[in-house]
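Here is a short tour of a structure, with a look at its cysteines and at one pair of helices. Have the viewer open as you read.

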Amino acid sequence: MIEVIKYSLQDYIRSHKYFPPVSTFFVLIIVFYTYKPNPIVDSYAITALFLFVISAWLCMSVLSLDSSTQRQLLILHLKSSYRYYLAKLVTVWLITLLLAVFAFLYPIIFDMFSGSVSVAVGLVSFVNHILLAALGGCIAAFFSKVMMESAINAYGGLAMTIIISIAAMGIENVLPPSIRYITWMIPPATVTQQPLFQWDAGNLSSLPSFPFLWIMIYTGMIMLLFLIIANRRS
């Protein structure tokens with residue numbers, strides 16, 4: 001599977017399809033930090049949302065790279081369609097890992113914050129970037145050409161899902177209490193935002209852990225579901 005991941009990364013770089021999402025992310029980060037100083041935790045929470053969107057875009061382009069013939073040859077090489085699709089998701093995750101490092105280090109290197117980044121704040125903020133990147137990629141997998149033949153339906157459905165995910169808190173507030181539980185089905189892209197905004201950055205124990213655990217659980221469930229459905233369609 002490692003060989004397929006290396007092949008996918010090399011093929012993706014050669015295709016230049018990485019340029020639009022990656023350059024867009026760089027521009028977003030640079031523009032976002034145009035003025036300084038900036039609050040540390042709030043800024044990192046917002047750039048993690050940027051990465052959530054960009055990772056979805058990256059996943060769409062990575063999963064659209066292989067032709068049907070290439071896909072079948074790689075599946076035969078791996079002797080498992082599960083490994084093939086998992087390798088593609090890992091490829092996306094590795095790219096977003098580099099973007100997360102950039103989003104984390106850029107404001108520190110160029111002194112964009114109002115204070116210094118503590119170990120606790122840095123750890124929580126970086127983990128939040130990684131979790132939202134994984135969530136965005138797994139969501140996008142359901143709208144890739146592996147699952148949908150129509151590009152219009154795929155990108156339209158993905159855009160709508162991302163919008164609903166980001167607006168989840170507002171949607172929950174306007175729903176009657178009796179049906180508010182249905183918002184648990186919405187991808188939890190913003191579930192860590194409010195706890196982070198309200199967090200006393202000097203005390204790690206005061207930060208609720210469930211929002212982060214819920215992102216992990218939700219991402220794991222939809223990734224497993226994608227692998228099962230994609231395997232049946234192969």
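## The cysteines

Cys-138 is buried, at a relative accessible area of 7%. In this predicted model, Cys-59 is buried too, and its relative accessible area comes to 0%.

Do these residues pair up? Let us look at the sulfurs. How far from Cys-59 is the nearest cysteine sulfur? That sulfur belongs to Cys-138 and lies 7.3 Å away, and Cys-59 is in no disulfide. Seen from the other side, Cys-138 has the sulfur of Cys-59 as its nearest cysteine sulfur, again at 7.3 Å, and is likewise in no disulfide. A disulfide calls for two cysteine sulfur atoms within 2.5 Å, so the 7.3 Å between Cys-59 and Cys-138 does not qualify. For the structure overall, the disulfide count is zero.

## How H5 meets H10

Now to the helices. H5 covers residues 81-109 and H10 covers residues 210-233. The two pack with their axes 9 Å apart, at an angle of about 135°. That angle makes H5 oblique to H10, and the crossing of H5 past H10 is right-handed.

## The contact between them

Which residues of H5 meet H10? They are Ser-81, Tyr-82, Tyr-85, Leu-86 and Leu-89. Across from them, H10 brings Met-223, Phe-226, Leu-227, Ile-228, Ala-230 and Asn-231 to the contact. Sorted by class, nine of the residues in this contact are nonpolar and two are polar, with no charged residues.

Conventions
Residues numbered from 1 in each chain as written. Predicted model: local features only at pLDDT ≥ 70, side-chain atom pairs only at ≥ 80, totals over all residues. Heavy atoms only, no water. Axes fitted to C-alpha atoms, helices over the stretch in contact; angles between N-to-C directions. Helix = DSSP H or I, 4+ residues; strand = E, 2+ residues; numbered from the N terminus. Parallel < 35°, antiparallel > 145°, perpendicular 65-115°, else oblique. Left-handed = near helix turned anticlockwise from the far one by under 90°. Contact = heavy atoms within 4.5 Å. Nonpolar A, V, L, I, M, F, W, Y, C, P; charged D, E, K, R; others polar. Buried < 20%, exposed > 50% of the residue type's maximum accessible area, 1.4 Å probe, protein only.
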